[in-house]
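Me: I would like a close look at one part of this chain, the pair of helices and the contacts between them. Please take it step by step, as I am new to reading structures.

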Amino acid sequence: MRDVLLEKIELLRQRMVNTGTQFGLDHPEVLEYSIQIDQLHNELNQIDHSLSKAGSSKNPYRFYLLENKAFFA
C-alpha cells in the first residue's frame, strides 16, 4: 500500500510540475494537484504512524525517474 501511495504522489508531482511550467504556478490545476498530493501524504503518514505503533519496521524506500516514469526500489 505504501508503494502505491508513493508512486501516486510522484506521478501527481510530475503532472503538477509540468502543468505549472506550461500554465504558471497559480493555475487552478496546479493547486488541485497540490491538494491531492497533500491528501496522499496524509494517508502515507497515517500508515507510517500505524506501523510504528504496531512495532512493525518499514523498509526504506528509494525511487528514481526514468523517461517521466517513477520507479521504486
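Reply: The salt bridges are a good place to start, and their count in this predicted model comes to two. One of them joins the side chains of Arg2 and Asp48, with N and O 2.6 Å apart. This pair ties together distant parts of the chain, since Arg2 belongs to helix 1 (residues 2-23) and Asp48 to helix 2 (residues 28-54), 46 residues apart. Both partners, Arg2 and Asp48, are buried.

The other salt bridge is between Arg13 and Glu10, and here the closest N and O atoms are also 2.6 Å apart. Arg13 and Glu10 both sit in helix 1, three residues apart, which is about one turn of the helix. An α-helix has 3.6 residues a turn, so residues three or four places apart point the same way. How exposed or buried are the two partners? Arg13 has 33% relative accessibility and therefore counts as partly exposed, because the range for that class lies between 20% and 50%. Glu10 has 4% relative accessibility, so Glu10 counts as buried.

Next comes the way the helices lie against each other. Two packed helices are described by the angle between their axes and the distance between the axes. For helix 1 and helix 2, the axes come within 9 Å and cross at roughly 160°. That angle makes helix 1 roughly antiparallel to helix 2, because angles over 145 degrees are put in that class. The crossing of helix 1 with helix 2 is left-handed. Sorted by class, the residues in this contact are 12 nonpolar, five polar and seven charged.

Helix 1 can also be checked by its length. At 1.5 Å a residue, its 22 residues should span 32 Å, and the C-alpha atoms at its two ends are 31 Å apart, so the two values agree. The expected figure uses one less than the number of residues, because the span is counted that way. Just after helix 1 comes Gly24, which has a positive phi, near 100°.

Which residues of helix 1 are buried? They are Arg2, Leu5, Leu6, Ile9, Glu10, Leu12, Gln14, Thr19 and Gly20. Arg2 and Glu10, the salt-bridge partners described above, are among them.

Several pairs of residues show how places separated along the sequence are arranged in space. Ile9, one of the buried residues of helix 1, can be paired with Leu40, which lies in helix 2. Leu40 and Ile9 are 31 residues apart in sequence, while their C-alpha atoms are 6.6 Å apart in space. Leu40 has 11% relative accessibility and so counts as buried.

Leu11 is also in helix 1. With a relative accessible area of 30%, Leu11 is partly exposed. Its C-alpha atom is separated by 9.5 Å from that of Ile37, and the two residues are 26 residues apart along the chain.

Two further pairs involve Glu29 and Gly20. Glu29 has its place in helix 2, and a relative accessible area of 38% makes this residue partly exposed. Glu29 and Met16 are 13 residues apart in sequence and 7.6 Å apart from C-alpha to C-alpha. Gly20 is in helix 1, where its 7% relative accessibility makes it count as buried. Between the C-alpha atoms of Gly20 and Leu31 there are 9.3 Å, and these residues are 11 residues apart along the chain.

Finally, the helices can be placed within the whole chain. The chain has two helices and two strands, and along the sequence these follow the pattern α-α-β-β. Of the 73 residues in the chain, 22% are buried.

Notes
Residues numbered from 1 in each chain as written. Predicted model: local features only at pLDDT ≥ 70, side-chain atom pairs only at ≥ 80, totals over all residues. Heavy atoms only, no water. Salt bridge = Lys/Arg side-chain N within 4 Å of Asp/Glu carboxyl O. Helix = DSSP H or I, 4+ residues; strand = E, 2+ residues; numbered from the N terminus. Buried < 20%, exposed > 50% of the residue type's maximum accessible area, 1.4 Å probe, protein only. Axes fitted to C-alpha atoms, helices over the stretch in contact; angles between N-to-C directions. Parallel < 35°, antiparallel > 145°, perpendicular 65-115°, else oblique. Left-handed = near helix turned anticlockwise from the far one by under 90°. Nonpolar A, V, L, I, M, F, W, Y, C, P; charged D, E, K, R; others polar.
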